[in-house]
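Colleague: I'd like a close look at a single part of this protein. Could you pick one piece and walk me through what surrounds it?

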Amino acid sequence: MSDLARVDTRRAGTTQLVRITGELDLSNARELTDALGHAVPDDVTLVVVDLSATTYLDSGGIAAFFRLAQRLRDRRQDLRLVVPDASPIRAVVELTRLSQVIPVDESAPDLPGPMAYAALPQDGAPTPTQPPPTQPPPTADAPDPDGTETDPCDADATATEGGQRSG
């Protein structure tokens with residue numbers, strides 16, 4: 001990620017574990033957000049960011065986590081942080097009330113498999129974004145579950161037994 005921090009990931013089922021080692025500050029916070037965006041597939045339902053090996057966290061890193069929480073919430077994904085009580089960054093997490101927005105755990109879940117380094121896009125390359133999957137809007141011609149058609153513009157119309165409308 002940078003000279004200050006490294007991002008490693010591991011996935012098990014629908015859980016993505018992201019471990020950040022080193023320092024997280026204004027100089028690399030945006031890079032962190034981009035790395036996490038690339039490391040988390042759309043079909044993951046829980047993202048756990050392990051900060052056990054993070055030695056420094058400033059306001060740039062805190063802001064990045066608030067943005068990440070919103071971004072994942074928009075994708076219908078849950079975010080949890082791992083910050084042990086003895087961690088040098090625990091006080092920052094508590095004082096900024098980050099722990100009131102993102103649940104904080106003492107330890108990371110034990111997921112099988114090795115950690116993988118999260119690759120970053122080349123500098124200046126656009127960051128690909130994938131919108132959350134959406135359901136196609138219902139069409140006016142689509143029948144209701146009971147087999148009748150509805151006109152969304154005619155709220156007073158009701159179907160009769162023969163499928164004819166009365167209004």
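Modeller: Sure, and keep in mind that this is a predicted model. Let's start with a right-handed β-α-β unit, built from strand 2 (residues 15–24), helix 1 (residues 29–39) and strand 3. Strand 3 is the piece I'd like to follow.

Strand 3 covers residues 46–50, and four of its five residues are buried, so the rest of the structure largely encloses it. What does strand 3 pair with? One partner is strand 2, which runs parallel to strand 3 and is joined to it over five bridges. To find a spot where you can see this pairing, look for Arg-19, which stands opposite Asp-50 in strand 3. Another partner is strand 5 (residues 78–82), again in the parallel sense and again over five bridges. Here the pair to look for is Val-49, standing opposite Leu-81 in strand 5.

Hold on to Val-49, as it leads us into the inside of the protein. The largest nonpolar core has 28 residues, and Val-49 and Phe-65 are the ones that touch the most other members. Strand 3 is among the elements giving two or more residues to this core, along with strand 1 (5–12), strand 2, helix 1, helix 2 (59–74) and strand 5. Helix 2 gives the most, with six residues.

Now for Phe-65. Setting aside neighbours within four places in sequence, Phe-65 is in contact with Val-49 itself, and its other contacts include Ile-20, Leu-32, Leu-79 and Leu-81. You've met Leu-81 already: that's the residue opposite Val-49.

Back to the helix of our β-α-β unit. Which residues of helix 1 are buried? They are Ala-29, Leu-32, Thr-33, Ala-35, Leu-36, Gly-37 and Ala-39. A bit of helix geometry is handy for reading that list: an α-helix has 3.6 residues a turn, so residues three or four places apart point the same way. The buried residues of helix 1 pack against strand 1, strand 2, strand 3 and helix 2.

Finally, step back to the whole chain. It has four helices and nine strands, in the order β-β-α-β-β-α-β-α-α-β-β-β-β along the sequence. Buried residues make up 34% of its 167 residues. Among contacts with a separation of 6 or more, 67% are between residues 24 or more positions apart.

Terms used:
Residues numbered from 1 in each chain as written. Predicted model: local features only at pLDDT ≥ 70, side-chain atom pairs only at ≥ 80, totals over all residues. Heavy atoms only, no water. Buried < 20%, exposed > 50% of the residue type's maximum accessible area, 1.4 Å probe, protein only. Contact = heavy atoms within 4.5 Å. Pairing = 2+ DSSP bridges. Right-handed = clockwise from strand over helix to strand, strands pointing away. Core = buried A, V, L, I, M, F, W, Y, C linked by side-chain atoms within 4.5 Å.
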